[in-house]
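Colleague: I have a model to look over before the group meeting. Can you walk me through its empty space and its sheet?

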Amino acid sequence: VLYNSWEATGFAVSEDGQARLAELAAQIGVECFVVDDGWFAGRSNDRAGLGDWMPDPVKFPSGLTPLIERVHALGMRFGLWVEPEMVNPDSDLYRAHPDWVYHFANRARTQRRNQLVLNLARPDVADWVFRTLDGLLSANDIGFVKWDMNRPFSEPGWPAQAGHNPERIWTEHVRNLYAILDGLRAAHPGTDFESCSGGGGRVDLGILGRVQQVWTSDNTDAWDRVAIQEGFTQVYPAQVMAAWVTDSPNFLTGRRLPLSFRFHVAMAGALGIGGDLLRWDAAELDEAARLVAGYKEIRPVVQRGSLYRVASARTDPVGASEYLAADGSEVVVLCWWSPAQLGKRLFRLRLAGLDPGARYTDVDSGAEHVGGALMNVGLEQPGGGDFGSALIRLRRG
């Protein structure tokens, strides 16, 4: 269970502010605290700093060590955001090596998000990226790296290789990226990596052989995520699907959703929290702690069990995912529903993969069910108001 500081602080990162967030994250049961963008030299907005991967001396006058030690003392691992394939023109790296980016000799260099793409196909650039990150990880006890890539290629040229198959950049970039990740994982076996690319833009099987999880989408609105996550899990396992609980109203959509709803949606994968905990009141923090503890109990089933999508919010009054433990002894059902609509019939959740003759006991209510009935008649749709949700746990007798 990780906490990420981005939606709470943006670029306004400070050692004291991150430490206070870390204290609250530990209070609710977080296991890994991740400092997102804004920690490195010259980074007060998205127009400068990319490429200069050293702690900002103003924000972290003694480096990252004091914050890392504080996070560890709170019982959590420490994580950090990086975007190593990118550079801002306003950076020491670009000023020293303007030829290191993809470009054509006689064209303007198109910026997106005020940044350019480093030519990772170049051996010297790839070597610099590896040495820089290896140095960062060697100098600091970092257990988690969020590896981001926030813009597409443009002007994919390599003037020094004109006439020598410069188009090979499309493959050499990826090969060198994989080599860097392989080298970092070998040198730092205790560090986990997350792939992020403007949301879920880099979730291919090649990258999944080198990272522990992927960022699913920059859209963190929980109701939107029901459909996003349903689609994602058609191909990828829940274990790699990073999902955050963020603030209400959501900063992208303005939608207000109950805290339990936001948690139940994020529990469908690898649970993360990205809200501004400094704004959560005592009741919300207590509820979050209970929900995090509950997730840790169901995590082995959700992340390693068989997934059955027993209802789709695209077509049904409720969306629901069932997770079945490998030995069949535990069943977890997460379900979510939208505002009530006149004429919509009550829905029954017909489960799958159960032993027809076995009895299953509801962990919370104590109610008993027969496997065959659960699969053929189903569970009645849980009640509740608009944007409701439920977590159902069953144990085979």
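Modeller: Questions on cavities, the sheet and its helices follow. This is a predicted model, where local features need pLDDT of at least 70, side-chain atom pairs count only at pLDDT 80 or more, and totals for chains, interfaces and linings use all residues. Residues are numbered from 1 along each chain as its sequence is written, and side-chain values use heavy atoms, without hydrogens and water.

Colleague: How many cavities of 30 Å³ or more are there in the whole structure?

Modeller: On a 1 Å grid over the protein atoms alone, a cavity is a set of points where a 1.4 Å probe fits but cannot get out. Points are joined across faces, edges and corners, and a volume is the space filled by probe spheres set on them. Searching the whole structure at 30 Å³ or more gives five.

Colleague: Which strand gives the most to the lining of the largest cavity?

Modeller: Lining residues have an atom within 4 Å of a point. Strands (E, at least two residues) and helices (H or I, at least four) are DSSP runs, numbered from the N terminus. α8 (222–232), β11 (306–311) and β12 (318–324) each supply at least two residues of this lining. With four residues, the top contributor is β12.

Colleague: Which strands are at the edges of the open sheet?

Modeller: Two strands pair if DSSP finds at least two bridges between them. Six strands run in the order β11-β12-β13-β18-β15-β16, with antiparallel pairing. Each edge strand pairs on one side only; these are β11 and β16 (368–370).

Colleague: What is the bridge partner of Tyr360 in β16?

Modeller: β15 (residues 359–362) and β16 run antiparallel, joined by three bridges. Across from Tyr360, the partner in β16 is His369.

Colleague: What angle does helix α10 make with β13?

Modeller: Contact means heavy atoms within 4.5 Å. Axes are lines fitted to C-alpha atoms, for helices over the stretch in contact, and angles run from 0 to 180 degrees between N-to-C directions. Helix α10 (residues 282–304) packs on the sheet and touches β11, β12, β13 and β18; its direction and that of β13 make about 85°.

Colleague: Why is α9 largely enclosed by the rest of the structure?

Modeller: Buried means under 20% relative accessible area, exposed over 50%, partly exposed in between (1.4 Å probe, protein chains only). The buried residues of α9 include Phe261, Arg262 and Phe263. They pack against α8, β9 (241–245), β10 (270–273), α10, β13 and β18. α9 is largely enclosed because, of its eight residues, the number buried is seven.

Conventions:
1 Å grid on protein atoms, 1.4 Å probe; cavity = no way out; pocket = protein on both sides within 12 Å on 5 of 7 lines; lining within 4 Å.
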